[in-house]
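I opened this notebook to keep track of what I looked up, residue by residue and then chain by chain. The entries follow the order in which I went through the structure.

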Amino acid sequence: MLDISPAEWTAILLSLRVAIIATLVATPFGIALAWLLARRDFWGKSVLDAVVHLPLVLPPVVTGYLLLLTFGRRGLVGGFLADHLGIVFAFRWTGAALACGVMSFPLLVRPMRLSIEAIDRRLEQAAETLGAAPFKVFFTVTLPLALPGVLAGMVLGFAKAIGEFGATITFVSNIPGETQTISSAIYSLIQTPDGDAAAGRLVIVSIVLALGALIAAEWFAHRATQRLHGN
Amino acid sequence: MLRVDVEKQLGEFSLHATFSSEGRVTGLFGASGAGKSSLINMIAGLLRPDRGTIVIDGETVDDTASGIHVPTWRRRIGYVFQDARLFPHLNVAQNLDYGRRMNRLAPDAAQRARVVELLDIGALLDRRPGKLSGGERQRVALGRALLSKPRLLLLDEPLGALDEARKLEILPYLVRLRDEANVPMVYVSHDAAELRQLATQIVMLRQGRVTSFGGVKVLT
């Protein structure tokens with residue numbers, strides 16, 4: 001039906017790889033942060049909350065530029081990682097994953113946080129009276145009950161990551177086969193005289209992926225309520 | 001068995017309670033707001049006393065003078081709450097096994113069968129808590145607490161959320177538990193009739209103070 005060319009496939013597969021890696025790496029951090037924000041009171045909590053949400057409101061090009069300054073070859077963190085661990089972000093697909101991860105992080109954390117906040121803390125107390133140490137309470141009660149929210153967060157984060165454009169193109173540019181995701185491929189195609197058909201195909205692919213993710217997130221949210229009511 | 005001597009300031013309310021008990025079922029009796037729940041939560045370790053000591057079965061679990069505060073999960077107590085608090089993501093069988101797993105106890109099929117039979121919950125094992133009636137939930141909560149092999153079972157108004165008919169349904173199970181389960185209990189209630197049936201010793205609380213202590217006679 002859609003006659004997708006090899007070059008377009010490259011962009012689609014790269015987008016999928018970038019978004020999947022970004023989501024998987026961000027998830028443990030997201031869960032930890034969601035728990036911290038939902039369950040702990042500490043000094044600087046509102047500042048941390050604001051910083052997490054910053055990529056949502058900052059111009060993406062600013063986030064991308066900040067990433068370039070920090071994680072670029074000569075950046076403070078980027079230089080250290082490149083010299084000591086051999087991890088390079090600049091102009092690599094890993095950099096695209098980092099940009100997508102940062103940009104999608106607020107969306108990923110939010111459902112996780114909400115689902116942890118919705119859990120009755122008295123259930124965690126009950127687990128404690130049955131002999132569960134705090135980390136066991138987390139893994140046997142809190143996390144299983146929050147699981148639908150965790151999955152919803154992952155799906156939303158994934159959907160955001162796969163469509164990310166501004167920060168990615170600023171940080172790692174638009175190199176076919178290395179950093180050219182669906183979004184940047186569409187951007188390039190629109191600027192080419194006869195690229196409309198190819199751009200159109202990629203647009204359809206993006207819409208299908210985004211819609212699928214939203215429907216999945218909705219389904220997980222529905223599961224969450226069922227789970228909390230024990231049916 | 002249980003020695004309590006604690007002080008706790010909770011806003012305007014001050015609790016200062018001293019008692020010791022050897023009874024099989026110690027009834028904590030008092031009107032709502034007398035400090036019963038705060039007291040039982042201190043025994044459970046969910047609330048920390050400002051000053052004082054709590055000794056369960058010879059082990060000091062709280063002693064503010066020497067900075068001892070054993071966390072709830074290491075106290076080896078069972079706690080039955082007014083609102084059952086079964087884990088909604090686990091079925092009845094998994095709820096029953098939770099305490100044993102957390103305490104790394106070997107499976108004890110005989111004891112499990114005995115508790116299941118005692119509480120008459122064999123037909124519910126595959127169900128989720130959401131599909132149980134209030135009375136069934138409370139019976140499962142009792143079984144779950146018992147199967148963690150506690151040295152002391154705390155019950156905070158376990159019939160409080162149930163209507164009269166349900167209460168009468170559960171009471172016989174509690175009596176059987178007292179006579180057969182061989183675990184000392186602390187039973188919180190504001191219902192004198194309930195305690196007359198169950199308790200062997202009464203601690204009467206009023207506005208945060210122990211006003212009388214003794215056999216069930218003190219209820220009259």
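**Entry 1: a residue in a helix of chain A.** I began with A:Thr63, which counts as buried because its relative accessibility is 6%, and I noted before going further that I am working with a predicted model. I placed A:Thr63 in helix α3 of chain A, which runs over residues 60–71. Setting aside the neighbours within four places in sequence, I listed A:Pro55, A:Leu58, A:Val102, A:Met103 and A:Ala167 as the residues in contact with A:Thr63.

**Entry 2: chain A as a whole.** I then stepped back to the chain that holds this residue, and I counted 10 helices and 0 strands in chain A, so I could write its order along the sequence as α-α-α-α-α-α-α-α-α-α. The C-alpha trace of chain A spans about 70 × 45 × 30 Å along its principal axes, and 49% of its 231 residues count as buried. Looking at contacts in chain A with a separation of 6 or more, I found that 71% of them are between residues 24 or more positions apart. For the accessible surface of chain A I noted about 11,700 Å², with 70% of that belonging to carbon and sulfur atoms. I also tallied 16 positive and 14 negative side chains in chain A, and the centres of these two sets lie 8 Å apart.

**Entry 3: the annotated segments.** I checked the record next: an unreviewed UniProt entry lists residues 12–38, 50–72, 84–109, 130–156 and 198–221 of chain A under "transmembrane region". I compared two of these segments with the model. Residues 12–38 of chain A are 100% helix and 0% strand, with the end C-alpha atoms 36 Å apart, while residues 50–72 of chain A are 87% helix and 0% strand, with the end C-alpha atoms 24 Å apart.

**Entry 4: helix α6 of chain A.** Against which elements do the buried residues of α6(A) pack? I first wrote down which residues these are: in helix α6 of chain A, residues 121–129, the buried ones are A:Leu123, A:Glu124, A:Ala126, A:Ala127 and A:Thr129. I then found that they pack against α1 (6–39) and α7 (134–163) of chain A, and also against β7, α2 and α4 (134–146) of chain B. Just after α6(A) I noted A:Gly131, which takes a positive phi of about 100°.

**Entry 5: aromatic pairs.** A search of the whole structure gave me 6 aromatic pairs over all chains. For A:Trp35 and A:Phe138 the ring centres are 6.4 Å apart and the planes stand at 85°, so I entered the pair as edge-to-face. Because A:Trp35 lies in helix α1 and A:Phe138 in helix α7 of chain A, this pair ties together parts that are 103 residues apart in sequence. A:Trp35 is partly exposed at 26% relative accessibility, whereas A:Phe138 is buried at 17%. In chain B I looked at B:Tyr79 and B:Phe81, which form a stacked pair with 4.1 Å from centre to centre and 10° between the planes. B:Tyr79 is buried at 4% relative accessibility, and B:Phe81 is buried at 2%. Returning to chain A, I noted that ring pairs link A:Trp35, A:Phe138 and A:Phe139 into a cluster.

**Entry 6: backbone angles in a loop of chain B.** Most residues other than glycine have a negative phi, and I therefore looked for exceptions. B:Ala84 has a positive phi of about 35° although it is not a glycine, and I found it in the loop between β7 (77–80) and α2 (92–102) of chain B. B:Arg85 also lies in the loop between β7 and α2 of chain B, and its phi is positive as well, near 55°. Are these two residues buried or exposed? B:Ala84 counts as buried at 6% relative accessibility, and B:Arg85 is buried with a relative accessible area of 14%.

**Entry 7: a strand residue of chain B.** I closed with B:Ser212, found in strand β11 of chain B, residues 209–214. B:Ser212 is partly exposed, since its relative accessible area is 24%. Leaving aside neighbours within four places in sequence, its contacts are B:Ile202, B:Val203, B:Met204 and B:Val218. Finally I checked B:Ser212 against B:Phe29: they are 183 residues apart in sequence, and their C-alpha atoms are 9.8 Å apart in space.

Conventions:
Residues are numbered from 1 along each chain as its sequence is written. Chains are lettered from A and ligands numbered from 1 in the order in which they are written. This is a predicted model: local features need pLDDT of at least 70, side-chain atom pairs count only at pLDDT 80 or more; totals for chains, interfaces and linings use all residues. Side-chain values use heavy atoms; hydrogens and water are left out. Helices (H or I, at least four residues) and strands (E, at least two) are DSSP runs, numbered from the N terminus. Buried means under 20% relative accessible area, exposed over 50%, partly exposed in between (1.4 Å probe, protein chains only). Contact means heavy atoms within 4.5 Å. Accessible areas come from the Shrake-Rupley method with a 1.4 Å probe; for residues, only the protein chains shown count as cover. Lys and Arg count as positive and Asp and Glu as negative; His and the chain ends are not counted. The place of a charge is taken as NZ of Lys, CZ of Arg, CG of Asp or CD of Glu. UniProt positions are given in the numbering used here, feature names are shortened, and annotations may be inferred rather than shown by experiment. Rings of Phe, Tyr and Trp (its six-membered ring) pair if their centres lie within 6.5 Å; planes under 30 degrees apart count as stacked, over 60 as edge-to-face and the rest as tilted.
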